[in-house]
Amino acid sequence: MVSFRIHDPFSHTVGDNSRPGSCSQQINVLGQQFLTALKDKIVCESDFQDTRGDVSEQPDAPVTLRARELYESSMFYFDNTFYIDTRNNENVDYSKTIKEWGTKRGILFGGTKQMERTLVEDLEIRFGYPYLYLHQGCCEHVVIINDARLLTPKDSLFGFDYPLMTKVSHKNLIHCMTCSRFPAKWIVRGSDRLAHDPTYQCKTCFKLLHYKNGKKIGKFTAYQYWQRSTIL
């Protein structure tokens with residue numbers, strides 16, 4: 001069993017001393033499972049965003065297409081080797097652009113392999129070393145392998161329980177800016193009823209301030225906002 005720590009994305013520029021984002025999830029994966037099993041278990045808010053954009057006219061309409069369904073491409077980078085998800089023929093090979101960039105700067109990258117054909121036990125990795133998970137085109141997560149060991153009687157011995165998420169952090173939870181009680185579910189912009197622009201609101205405050213008898217009041221735009229605590 002191999003333990004992967006997935007960190008939140010963080011702002012960084014070359015030369016600064018920014019610290020990596022906090023660990024958001026720890027996922028235990030069996031050595032005989034493919035890398036796609038790990039990829040499919042990672043939870044990132046950007047994957048759940050509603051691709052329709054502003055839905056203020058029909059906030060209760062069901063989501064028809066999420067970002068993860070529209071943009072399925074993703075990539076791991078372990079020990080100078082790229083692992084891309086090619087289960088969908090339309091997926092983009094992120095490694096191609098990076099290799100072209102490296103060639104112009106004299107940087108030699110390793111090969112590219114298929115994520116769905118690579119077993120976790122075949123990875124060449126270093127413990128505690130920062131690796132990369134990239135998806136949605138620009139959403140980057142630091143990935144750290146912190147443990148690898150045999151299963152014990154205290155672990156689940158059922159293969160279908162893996163990948164197994166053993167840690168989930170809610171550290172960056174954003175609450176409603178109106179009631180400060182519940183997690184934010186909406187981002188509201190351009191509303192003359194609110195003191196801040198944009199404003200994060202829970203479902204209840206959003207409806208009470210901007211709708212009457214189910215109809216929109218005034219001018220504003222609204223976007224669904226997903227947080228890890230509301231997904232898991």
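**Figure 1. Tyr-83 and its ring partner.** Tyr-83 is buried here, with a relative accessible area of just 5%. Keep in mind throughout that this is a predicted model. Phe-78 is buried as well, at 1% relative accessibility. Together Phe-78 and Tyr-83 make a tilted aromatic pair, with 6.1 Å from centre to centre and 55 degrees between the planes. Zoom out a little and both rings turn up in a cluster: ring pairs link Phe-4, Phe-76, Phe-78, Tyr-83, Tyr-129, Tyr-131 and Tyr-133. Across the structure there are 16 aromatic pairs.

**Figure 2. Phe-206 meets Phe-220.** Why does this pair count as edge-to-face? The ring planes of Phe-206 and Phe-220 sit at 90 degrees, and edge-to-face applies to planes over 60 degrees apart. The ring centres of Phe-206 and Phe-220 are 6.3 Å apart. Phe-206 belongs to helix H4 (residues 203-210), while Phe-220 comes from the loop between strand S12 (215-216) and strand S13 (221-224), so the pair ties together parts that are 14 residues apart in sequence. Neither ring has much solvent to look at: Phe-206 has 0% relative accessibility and counts as buried, and Phe-220, at 4%, counts as buried too.

**Figure 3. Two lysines over rings.** Phe-220 shows up again in this view, now with a charge over its ring. The charged end of Lys-216 is the one in question, and it sits 4.7 Å from the ring centre of Phe-220. The second example pairs Lys-185 with Trp-226. Here the charged end of Lys-185 lies over the Trp-226 ring, 4.6 Å from the centre.

**Figure 4. The second largest pocket.** This pocket has a volume of about 250 Å³. Of its 18 lining residues, the closest to the centre are Lys-39, Asp-40, Asp-47, Arg-68 and Tyr-133. Which elements give two or more residues to the lining? They are helix H1 (35-41) and strand S6 (130-135). By residue type, the lining splits into 5 nonpolar, 6 polar and 7 charged. Tyr-133 links this view back to Figure 1, since that residue is also part of the aromatic cluster.

**Figure 5. The loop between S9 and S10.** Asp-192 is found in the loop that runs between strand S9 (186-189) and strand S10 (199-201). Is Asp-192 buried or exposed? At 70% relative accessibility, Asp-192 counts as exposed. Look across to Gly-218: its C-alpha atom is 8.0 Å from that of Asp-192, although the two residues are 26 apart along the chain. The loop between S9 and S10 also holds Pro-198. A cis peptide bond joins Asp-197 to Pro-198, with omega at about 5 degrees.

**Figure 6. A cis bond ahead of strand S8.** Tyr-162 and Pro-163 are joined by a cis peptide bond, and omega is about 0 degrees. Where does Pro-163 sit? It is in the loop between strand S7 (139-148) and strand S8 (164-168).

**Figure 7. Two residues with positive phi.** Ser-180 isn't a glycine, yet its phi is positive at about 60 degrees. Ser-180 lies in the loop between S8 and S9, and its 54% relative accessibility makes it count as exposed. Asn-213 is another non-glycine with a positive phi, this one at about 55 degrees. Look for Asn-213 in the loop between strand S11 (211-212) and S12. Asn-213 is exposed, with a relative accessible area of 77%.

**Figure 8. Stepping back to place the close-ups.** The protein has 5 helices and 13 strands. Its C-alpha atoms fill a box of roughly 60 × 50 × 40 Å along the principal axes. Of the 232 residues, 39% are buried, a group that includes Phe-78 and Phe-206. How much of the contact count comes from residues 24 or more positions apart? Such residues account for 60% of the contacts with a separation of 6 or more.

Definitions and conventions: Residues numbered from 1 in each chain as written. Predicted model: local features only at pLDDT ≥ 70, side-chain atom pairs only at ≥ 80, totals over all residues. Heavy atoms only, no water. 1 Å grid on protein atoms, 1.4 Å probe; cavity = no way out; pocket = protein on both sides within 12 Å on 5 of 7 lines; lining within 4 Å. Points joined across faces, edges and corners; volume = space filled by probe spheres on them. Helix = DSSP H or I, 4+ residues; strand = E, 2+ residues; numbered from the N terminus. Nonpolar A, V, L, I, M, F, W, Y, C, P; charged D, E, K, R; others polar. Phe/Tyr/Trp six-rings, centres within 6.5 Å; stacked < 30°, edge-to-face > 60°. Buried < 20%, exposed > 50% of the residue type's maximum accessible area, 1.4 Å probe, protein only. Lys NZ or Arg CZ within 6 Å of the ring centre and 35° of its normal. Contact = heavy atoms within 4.5 Å.
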